[in-house]
Amino acid sequence: MSYPTDRKYTREHEWIQVNGNSAAVGITDYAQQSLGDIVFVEAPKVGAELTAGKTFGTVESVKAVSDLFAPASGTVTEVNGELATSPEKVNSDAHGSWMVKITLKNPSELDALLSAADYEKYVAEEAGH
Amino acid sequence: MSAVEAPTVRKTALNVVHRQMGAKMVEFNGWDMPVEYPASLGGGIINEHMAVRTGVGIFDVSHMGDIRLAGRQALAAVQHISMNDASRLAIGQAQYSALLYPQGTFVDDVIVHRLGEDEYLLVINAGTREKDFNWVRDNTRQFDCAVDNLSDDFTQIAIQGPKAVDLLQKLTDADLSAVKFYWVTRGTVCGLKNTLMGRTGYTAEDGFEIYVPSDEGTSAFVWNEILIAGKEFGVVPCGLGARNTLRLEGKLPLYGHEISDTINVWEAGLDRFCKIEKQEFIGRDALEKAKGAGIKRALVGLEMTERGIARDGYKVLDTAGREIGYVTSGSPAPYLKKNIALAYVPKELEAVGTPLQVEIRGQGVGAVVVPTPFYKRPKK
């Protein structure tokens, strides 16, 4: 399991990688491992508004349906169309498989998110239960 | 003396082995069971599913229960509590059947094995073990027949797939080519004498289920011997995830989903396993009446025609968006590479080709009634 330090994390197992005023959002390696074989990614359309902490899409494995939670508020500028046809990419490279890119509405929201080290600790605790 | 409480989550004798192998564990009907094995062992639901369709996979199904009926009137007892006709069974033969309530709905579905002249073994579901045993015991008291709960005596391992017979043949002296589908034999397996082997399963594939003593040492030894012997066939350990997708492709019912205490035999479409011409069995009269009154709903196969995956419990809508039924089991089908489901719909909408919708997150998503089973294994 890897925890790249170039991004921040939610307790619902999304990551967000900020680049200026824009940010990419995906799910973590831990999330893909917990879900198993991913067969379906449903992301919002370009122009959709995301609200921090609210659901913005769905990811499904053979066995499970899981909501995607927005790490931060913003407007969708790009959707990773490749995941509609090859959702299994999320399994092989979760941290490289961004689902949407957004323009951040309120970058200070990021302060509430977990660092890589804190997220790793959080996962260890959750997995231990 | 204080009452001993049953542990809240039960474990099979192979629990430690599954954990050592790194299986992802889930609670299923009160049992701590592997849902899938790690990719490093060839696992993951899709891989496990494909291994069973194209090669061989093995499952720990020790959570299944076993009830033995033995004695002078064992056949009469079995006939009274089950809907299929056990009088047709030769010694060594098995049949799919069900235990019914007087109203013609399901206590459980079972496989009835005739092991001897007056000896029958019912293999039952994990979630209904106690209920089934009590039901069988309470409803066979009038017969000269002993009823024993052997559920904890066996570790049951399913070896499934087109290569299952080749794999198991390496480990036994019994001639498996002589064992037809839904027949059982006994032989030495991994040095264990007189081991019961049934050519049965829950995957819509050829395969065997073997019953070995349930102590941890023997169970682990046999499990590992099978994995070693299966290397040349690419054997993969399989969890409940693949077990579910495999049985769904084959339209094999799951208790609490396609069959339950509120669904009757006709609705579930299990007519061919119900011998209404049998003089008497629990549920028979109600079923006869139900047939006369007309069947209102039917279990159908659906294939999604638009992007979306139907899941257990989702609503089924007609093309006008009216709620008309519900999904009993829905999933991506790894071998067929389609999103499929079983659903109850009104009888008038059961015809193959009928366009319907499944409500997924508030949206009607297109589906069509298709022939079932979705998957049928190729005839040799």
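Start by selecting helix α3 of chain B: α3(B) lies across β4, β5, β6 and β7 of chain B and runs at about 130 degrees to β4(B). Helices here (H or I, at least four residues) and strands (E, at least two) are DSSP runs, numbered from the N terminus. Axes are lines fitted to C-alpha atoms, for helices over the stretch in contact, and angles run from 0 to 180 degrees between N-to-C directions.

Before moving on, note that this is a predicted model, in which local features need pLDDT of at least 70, side-chain atom pairs count only at pLDDT 80 or more, and totals for chains, interfaces and linings use all residues. Residues are numbered from 1 along each chain as its sequence is written, while chains are lettered from A and ligands numbered from 1 in the order in which they are written.

**Stop 1: a helix and its sheet in chain B**

Stay with α3(B), residues 74–81. Seven of its eight residues are buried, so this helix is largely enclosed by the rest of the structure. A residue is buried if 20 or more other C-beta atoms lie within 10 Å of its own, exposed if 12 or fewer, and partly exposed in between, with C-beta atoms placed from the backbone. Colour B:Ala74, B:Leu75, B:Ala77, B:Val78, B:Gln79, B:His80 and B:Ile81 to see the buried ones. Their cover includes β4 (65–70), β5 (94–100), β6 (106–116), β7 (119–124) and α4 (129–138) of chain B.

Now show the sheet. Its five strands form an open sheet in the order β5-β6-β7-β4-β8 of chain B, with antiparallel pairing. Two strands pair if DSSP finds at least two bridges between them. At the edges are β5 and β8 (146–149) of chain B, each pairing on one side only. On average, neighbouring strands of this sheet are turned by 25 degrees against each other, direction ignored. For a single pairing, zoom in on β6(B) and β7(B), which run antiparallel and are joined by five bridges; there, B:Ile111 has B:Val123 in β7(B) as its bridge partner. Then add α4(B), which lies across β4, β5, β6, β7 and β8 of chain B at about 10 degrees to β4(B).

**Stop 2: the domains of chain B**

Try colouring chain B by domain: domain 1 is 15–64 + 153–249, domain 2 is 65–149 and domain 3 is 296–373. These bounds come from an automatic or database domain assignment. The C-alpha centres of domain 1 and domain 2 of chain B are 24 Å apart. Where they meet, twelve residues of domain 1 of chain B are in contact with 13 residues of domain 2 of chain B. Contact means that the C-beta atoms of two residues, placed from the backbone, lie within 7 Å. The domain 1 side has six nonpolar, six polar and no charged residues. In this sorting, Ala, Val, Leu, Ile, Met, Phe, Trp, Tyr, Cys and Pro count as nonpolar, Asp, Glu, Lys and Arg as charged, and the others, Gly among them, as polar.

**Stop 3: the barrel of chain B**

Next, select the closed barrel, whose six strands run β14-β17-β16-β15-β18-β19 in chain B with antiparallel pairing. Its neighbouring strands are turned by 45 degrees against each other on average, direction ignored. Within the barrel, β15 (residues 315–317) and β16 (residues 323–333) of chain B pair in the antiparallel sense over three bridges, and B:Lys315 stands opposite B:Tyr326 in β16(B). Helix α7 (residues 240–249) of chain B packs on this sheet, touching β16 and β17 (338–346) of chain B, and its direction makes about 120 degrees with that of β16(B).

**Stop 4: where the chains meet**

Show both chains. Here 13 residues of chain B are in contact with nine residues of chain A. On the chain B side, β2 (31–36), α2 (45–54), α7 and β16 each supply at least two residues. That side has six nonpolar, four polar and three charged residues.

**Stop 5: inside chain A**

Finally, select strand β9 (residues 100–104) of chain A. Which residues form its covered face? They are A:Val100, A:Ile102 and A:Leu104, with A:Lys101 and A:Thr103 on the uncovered one. β9(A) pairs in the antiparallel sense with β3 (residues 22–27) of chain A over four bridges, and with β8 (residues 74–79) of chain A over five bridges.
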